[in-house]
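Here are a few exercises to work through with the sequence and the model side by side. Try each task yourself before reading its solution.

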Amino acid sequence: MKIAIVTGASSGMGREFVCQISKRFKTIDEIWVIARRFDKLEELAETITNVKVRPLKYDISDDADMIRFKMLLMQEKPQVRALVNSAGYGIIGKFEEISEDNVGMCKINCLGLTKMIDFVLPYMDCNRGNIWNIASSAAFMPQPSFATYAATKSYVLSLSRALNKELKGKNITVTAVCPGPVKTEFFDVAEKHHSAKFYKKLGMAKPEKVVELALKDGFHGKSVSVYGTTMKAFRVLSKILPHELMIKFVD
């Protein structure tokens, strides 16, 4: 059985990946969709008619759930054609203000993502494999009042680029998806304590466009996918200008 696996599939980028994978991957038998909101996964499964969608209620930050997922892989022994690590969140606020959310972001954005790759890789023995890790343009430089989130996404970016090199011999491409603000539920959670700076909500990208480019870049073996002229320019500037200077403009 050949499958794709998508975490964070109940909404936003994860949901969009499921929709587009179902149309573009012609050889997969199932898409395993993972999230905490099982009702949303069931709703998603009903909208996909051309391939079987299997809803799985797992929290990737929960050790017991991850053990159950690992056992499922051992029992089913699928061939994993694609893995999308879309589960994650960010909270706006100074480090000492957002308290336990600092650890929560690390558990989901870094540890959960790493466990997913670790568990799934042994089953990516197809002729070709793709891993898409949802990072962020926040990964390009430190972000005051978004410090932990940006740091976790820097981890995702670094890990993805390194793994893309390591796994080339197995014909597996690992792509870090680094968009700017996207029209999803992200800010509904992120603004729990503070509102985002107004410029971060200007010209938010459509998830359909971000995912479309990410899939294209992954198919072409790229380690990083950045949607939009503004974010591409930001990435270049973050490489050229001292971060201490740039921080003054984003703080």
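**Exercise 1.** At what angle do H1 and helix H8 pack, and how far apart are their axes?

*Solution.* Keep in mind that you are looking at a predicted model.
- Step 1: Find the two helices: H8 covers residues 207–219, and H1 covers residues 12–24.
- Step 2: Read off the geometry. H1 and H8 pack at an angle of about 55°, and their axes are 9 Å apart.
- Step 3: Classify the angle. Angles under 35 degrees count as roughly parallel and those from 65 to 115 as roughly perpendicular, so H1 and H8 are oblique to each other.
- Step 4: Add the handedness: H1 passes H8 in a right-handed crossing.
- Step 5: List the partners. H1 contributes Met13, Glu16, Phe17, Gln20, Ile21 and Arg24, while the residues from H8 include Pro207, Val211, Leu215 and Phe219.
- Step 6: Sort them by class. The contact of H1 with H8 has 9 nonpolar, 1 polar and 5 charged residues.

**Exercise 2.** Describe how H1 meets helix H2, and say which residues make the contact.

*Solution.*
- Step 1: Locate H2 at residues 38–47.
- Step 2: Take the distance and angle. The axes of H1 and H2 come within 11 Å and cross at roughly 25°.
- Step 3: Apply the cut-off. Angles under 35 degrees count as roughly parallel, and H1 and H2 are therefore roughly parallel to each other.
- Step 4: Check the handedness, which is right-handed where H1 passes H2.
- Step 5: Name the contact residues: Arg15, Val18 and Cys19 on H1, with Lys40, Leu44 and Thr47 on H2.
- Step 6: Split them by class, which gives 3 nonpolar, 1 polar and 2 charged residues for the contact of H1 with H2.

**Exercise 3.** Work out how helix H5 and helix H6 are arranged, and what kinds of residue form their contact.

*Solution.*
- Step 1: Find H5 at residues 101–120 and H6 at residues 147–166.
- Step 2: Note that H5 and H6 pack at an angle of about 15°, with their axes 8 Å apart.
- Step 3: From that angle, H5 and H6 are therefore roughly parallel to each other.
- Step 4: The crossing of H5 past H6 is right-handed.
- Step 5: Look at the residues in contact. Among them are Met105, Cys106, Cys110 and Leu113 of H5, and Tyr149, Thr152, Val156 and Leu159 of H6.
- Step 6: By class, the contact of H5 with H6 has 10 nonpolar, 5 polar and 1 charged residues.

**Exercise 4.** How many disulfides does the count come to, and why is Cys106 not bonded to Cys110?

*Solution.*
- Step 1: Set the cut-off: a disulfide needs two cysteine sulfur atoms within 2.5 Å.
- Step 2: Test Cys106. The closest cysteine sulfur is that of Cys110, 5.4 Å away, which is too far for a bond.
- Step 3: Note the surroundings: Cys106 counts as partly exposed, at 36% relative accessibility.
- Step 4: By the cut-off, the count comes to 0 disulfides.
- Step 5: Test Cys178, which is in no disulfide, as its nearest cysteine sulfur, in Cys110, is 13 Å away.
- Step 6: Cys178 is buried, with a relative accessible area of 0%.

**Exercise 5.** Is Arg81 buried or exposed?

*Solution.*
- Step 1: Find Arg81 in strand S4, residues 79–85.
- Step 2: Use the cut-off: buried means under 20% relative accessible area. At 10% relative accessibility, Arg81 counts as buried.
- Step 3: Relate Arg81 to Met1. They are 80 residues apart along the chain, and their C-alpha atoms are separated by 10.0 Å.

Notes. Residues numbered from 1 in each chain as written. Predicted model: local features only at pLDDT ≥ 70, side-chain atom pairs only at ≥ 80, totals over all residues. Heavy atoms only, no water. Axes fitted to C-alpha atoms, helices over the stretch in contact; angles between N-to-C directions. Helix = DSSP H or I, 4+ residues; strand = E, 2+ residues; numbered from the N terminus. Parallel < 35°, antiparallel > 145°, perpendicular 65-115°, else oblique. Left-handed = near helix turned anticlockwise from the far one by under 90°. Contact = heavy atoms within 4.5 Å. Nonpolar A, V, L, I, M, F, W, Y, C, P; charged D, E, K, R; others polar. Buried < 20%, exposed > 50% of the residue type's maximum accessible area, 1.4 Å probe, protein only.
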